[in-house]
Amino acid sequence: YAEEGHSPKFITKHRTCRRQARECSGEADHHEGMSSDDELTPAEINEFQKSKDNVLEDSRKVFEDVHADFCDIRKILLKFQEWKEKLPDSYCDAYISFCLPKLLNPLIRVQLMNWNPLEQNFTELEEMPWFKAIEEFSDAKTISESK
């Protein structure tokens, strides 16, 4: 009701009326804090799904005009790895470890757009391609530093 512009007084009054109606009808299955106020109507669910689908469709178009080498995390990290191996002083002076999170952030966000850890069959973060690519890059960084 708050989204519809109703005041907190109206909401409280509405809940009180429903509680009194339950008490009069003898409904004993209600548990305090388990209100149906938070449940969405089928129309609201359809509207949400439609809006979500539109956002996901738009997110697929974000990088459509970007060269393939610059919208794939694995390819980007490979370029940084090559830089580090060929010109280690330059790589170190550029503070790449500080730059990579900001550089990869938009790419990761687009990939996480449809991820929902509350769904029953969701993919673990550690299993996502971008996570594996970063993990491999970090391992390669550790291996080359030990050499």
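**Questions on a predicted model**

Reader: Of contacts in the chain between residues at least 6 apart in sequence, what percentage joins residues at least 24 apart?
Author: Contact means heavy atoms within 4.5 Å. The count takes in contacts between residues at least 6 apart in sequence. The share that joins residues at least 24 apart is 54%.

Reader: Which atoms do the side-chain values use?
Author: This is a predicted model: local features need pLDDT of at least 70, side-chain atom pairs count only at pLDDT 80 or more, and totals for chains, interfaces and linings use all residues. Residues are numbered from 1 along each chain as its sequence is written; hydrogens and water are left out, and side-chain values use heavy atoms.

Reader: How many helices does the chain have?
Author: Helices (H or I, at least four residues) and strands (E, at least two) are DSSP runs, numbered from the N terminus. The elements run α-α-α-α-α-α from that end. Strands number zero, and helices number six.

Reader: What percentage of the chain's residues count as buried?
Author: Buried means under 20% relative accessible area, exposed over 50%, and partly exposed in between (1.4 Å probe, protein chains only). The chain has 147 residues. Of these, the buried share is 14%.

Reader: Which helix supplies the largest share of the largest nonpolar core?
Author: A nonpolar core is a set of buried Ala, Val, Leu, Ile, Met, Phe, Trp, Tyr and Cys residues joined through side-chain atoms within 4.5 Å. The largest one has 14 residues; I73, L77, F80, L100, L104 and F137 have the most contacts inside it. Helix 3 (73-86), helix 5 and helix 6 (129-146) each supply at least two of its residues. The largest share, five residues, comes from helix 5.

Reader: Where in helix 5 does the kink lie?
Author: Helix 5 covers residues 96-111 and reaches 22 Å from first C-alpha to last, close to the expected 22 Å; the expected span is 1.5 Å times one less than the number of residues. A bend is the angle between axes fitted to the seven residues ending at a residue and the seven starting there. The kink is about 40°, shortly before the proline P106, and lies at N105.

Reader: What distance separates the C-alpha atoms of I108 and I73?
Author: I108 lies in helix 5 and counts as buried at 15% relative accessibility. Setting aside residues up to four places away in sequence, I108 touches I73, W130 and I134. I108 and I73 are 35 residues apart along the chain, yet their C-alpha atoms are separated by 8.3 Å.

Reader: Is W130 buried or exposed?
Author: W130 belongs to helix 6. Beyond its neighbours within four places in sequence, W130 is in contact with I73, I108, Q111, L112 and L125. Relative accessibility is 10% at W130, so this residue counts as buried.

Reader: How many disulfides does a search of the whole structure find?
Author: A disulfide is a pair of cysteine sulfur atoms within 2.5 Å. C71 is partly exposed, with a relative accessible area of 27%. C99 is also partly exposed, at 37%. The number of disulfides found is zero.

Reader: Which residue, in the loop between helix 4 (88-93) and helix 5, has a phi near 50°?
Author: Most residues other than glycine have a negative phi. Here the value is positive in a residue other than glycine. That residue counts as exposed, at 54% relative accessibility. The loop residue is Y95.
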